[in-house]
Amino acid sequence: MRVWTSRRQKTPHAETIIGPLISPSVLLSSALLLLGNTPCNAETGAEGWLRYARIYDASAQARYSSLPASIVVLRPTPSLLAAQSELTRGVRGMLGRTLRNTTRLPDEDAFVLGTAGDLRTVFPSMPAPPSANGSGFRLCRVEKGGHRYWVIDGDGETGVLYATFRVLDHIAQLETLSPWSEEDAPSAPIRWVNQWDNLDGSIERGYAGRSIFFESGSVQNDLSRASEYARLLASVGLNGCSINNVNANPQLLSTRLLKQVARIADVFRPWGVRLSLSVDLSSPQIIGGLDTFDPLDPQVRAWWKTKVDEVYQLIPDFAGFVVKADSEGRAGPSQYGRTPVDAANSLALALAPHGGVLLYRAFVYNHHLDWRDPKADRARAAYDVFHGLDAKFEKNVVVQIKNGPIDFQVREPVSPLFAALQHTNEAIELQITQEYTGQGRHLVFLVPMWKNALDTDLRVGGQDSRVQDLVDGKRFHRPLAGFVGVANVGLDTNWLGHPLSMANLYGFGRLAWNPDEPAAAIANSWTRLTFGNAEKVVSAITAMLLSSWQVYEDYTGPLGAGTLTDILHTHYGPDIESAERNGWGQWIRADHGGIGMDRTVATGTGYIGQYPPELAREYESPASTPDSLLLFMHHVSYAYKLHSGKTVIQHIYDSHYEGAAAAAGFVRQWETLRGDVDDARFHKTLSLLTYQAGHAIVWRDAICDWFYKISGIPDAGGRVGHHPNRIEAESMRLTGYTPVDVTPWETSSGGKAVACGETIGCSAETTLDRAAGWYNLAFQYFDPDRGLPHFKVFVNDQPVGAWSADLHLPSQALNGSTSTRYDLSGIALRPGDVLKIAGRGEGGNPAALDYVEIVPQTPEASR
């Protein structure tokens, strides 16, 4: 039996206990894998990794033939019945057998599910499972009366659930269940997801449809989707969910809405998922009618106490509050000269009698910084605000710290605040939804990024101090600690939009349970559970997942400079200068001579001095700073040589061409799985990977062209600014089309495009001088989030292709967020052929064309 990598020591047990225990993530993975081994079946992704697909492999069927035929739950509570139902469902789906359900020990072998207290009424000498706030569990076999009982033993009811999912995980991955002896427990008590859902049904930074919780100012009538979400969370050991946006609407605390929210808590409860809410600190004033929300005002404290008491009357197992304050325009204690301690403790004192916790986000910064000030630095903000408050928070307050000091960029150093709060509870905030990493349109498996942060050793006091040991409470002996992931699932059938994006939700759960888990093991398990156990499929998808973060970084933001995306609007396509000359503080300080923020103590903002001394010494010098963080820590010339031996500017050029080529390689890798993955998910994924390959070219050209223009240093490879296979749309013979400038200029080839409105049809023609042969054609166009423009392609007036701009990309402008391409392969061309692109705008969206690229069709031809 394969077990998840565990930080707990496995303990053999004597007596009549015969087998291992299993942890939640393992169960989960295994169960899912077994679910789908028939690629011809249509699949939607709705089941996530809990597919429970039938196992047809004869040897595997034989391996599980000795499993009991009965399942016993000694005490029929909602959670224990959920575990019983899940085991029955999984065994039926994967093995085609229906277990008999009973509440008494039968005179035959049986699965027996229960908590430590329940089980010891029938097995009094059995050792207890590991204690972990009700989440620990043990799997073991007990002999009694000539029968073998396969025991699923939990420290609490949620422990039984986690163990059940672990068993199903093993089966799904075709793993042996012998010996049946394993115990496990999670690394930290807080393992939550945050949803940024709004009452109107929208989701801030959500990329998979509307809210599963809210619509039109009320809670959804049908909460079956919320129940399924809780089941998915439980299957990877996650135990909490805040259901609303951290930019909270105070109305959510109204009595009307709290009564509705209680219905969500009801569907979460059987799965051991506790509901929490994000709250606005101005609520006592906005909905309470007070003339202040000063956290030290006795009236305000009384209001919070009364409101919290009301919440717990409706939701007895309410988990607590999440607070965003004094950040990006949100109300906060600074308006009254108060501190985060004052605000956090005011709410924490109201929650404490009920066992609730208060998660206070450290994402507190001034977004009106003076960009002209060389000492101004947003990266300093969290440390500057919070480090002097250490040891002043109530014991049920947890400071929720983003993994990096800026905002979920493709690469950042870890926040120095993790090392500074030695007497305060901490949780790390990771982002599952891909706000700055492709928004569900690009494949980016984030677990390697998170592992990079969690494995960083901050060397507090000169001792081993990995981030994971700080945020799970072990290093500083904190009673509350953990992991928070911003998930933002939606009503899209497959939860996160991209068929491969659920690997991030699954991976977050696995790491929250055990941050020592290797990224490769997580990717392998998720792939098996989601797509089956065929080694060809597992090998290909696992390889794609594990390389995808580096590939995305290669064609977006280099060397720690940030993602270089449009930070003012979409956070999606390239827009380098949007980071500069404004108050948001994501500056890269790029000019003709060099690039990067000087954050040194000696000459810069002093940010590096916030780290413990060993790490600060490493970062203070460019020579000892890792290349991957160079431009985050230092301002250097474009000619500065990296440890790789390349100059900064050549690295920028090379990495972007390599990244775009690797993105095209994902398409080729995926196409090898045709027939091995069900048609629905195969074609959906192929479409998205093809789009990603095209958008990677937009990124490549935008970044390379911009840096070439500002630095004046040519590409040693002769690629940047040279596109011999392109025909610019504005250079073609235009009828009806109008040349337009594109902003920012670098997001179109040559800074221009041609656009056609709705009133007339337009055409762009060119006479070709290519040698006779077969060619692949790519049409770069713009697809803003409105209307439905149409395009047709003709060669000598013969139609050869047509498409509509129906991707609805995340901007209404012609720019790097909406630039995409349509591909035609295998087109025969001869000298003198006339290529024509006809277009017509619709719905306020012009038919806008950037260029045509014509490449000979050879096995080596690529984008």
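**Exercises on strand β7 and helix α9**

Five bridges join strand β7 to strand β16 (residues 481-486), and the two strands run parallel. The model is predicted.

**Exercise 1.** Determine which residues stand opposite isoleucine 190 in β16 and tryptophan 192 in β10.

*Solution.* Begin with β16, where glycine 482 is the bridge partner of isoleucine 190. Turn next to strand β10 (residues 240-242), which pairs with β7 in the parallel sense over three bridges. In β10, glycine 240 stands opposite tryptophan 192.

**Exercise 2.** Establish whether the faces of β7 are covered or open.

*Solution.* Take one side first: Ile190, Trp192 and Asn194 are buried there. On the other side, Arg191 and Val193 are buried as well, so that both faces are covered. Buried here means under 20% relative accessible area. Since five of the five residues of β7 (residues 190-194) meet this criterion, the strand is largely enclosed by the rest of the structure.

**Exercise 3.** Compare the expected span of helix α9 with the distance between its end C-alpha atoms.

*Solution.* Helix α9 (residues 298-314) has 17 residues. At 1.5 Å a residue, α9 should span 24 Å. The end C-alpha atoms of α9 are 25 Å apart, which agrees.

**Exercise 4.** Describe the N-terminal cap of α9 and the surroundings of its buried residues.

*Solution.* At the N-terminal end, aspartate 297 caps α9 through a side-chain oxygen 2.8 Å from the backbone nitrogen of glutamine 299. Within the helix, the buried residues include Val300, Trp303, Trp304 and Lys307. Among the elements covering the buried residues of α9 are α7 (255-268), β11 (274-279) and α10 (340-351).

Key
Residues numbered from 1 in each chain as written. Predicted model: local features only at pLDDT ≥ 70, side-chain atom pairs only at ≥ 80, totals over all residues. Heavy atoms only, no water. Helix = DSSP H or I, 4+ residues; strand = E, 2+ residues; numbered from the N terminus. Expected span 1.5 Å × (residues − 1). Buried < 20%, exposed > 50% of the residue type's maximum accessible area, 1.4 Å probe, protein only. Contact = heavy atoms within 4.5 Å. Polar contact = N/O pair within 3.5 Å; in protein donor to acceptor, adjacent residues only side chain to side chain. Pairing = 2+ DSSP bridges.
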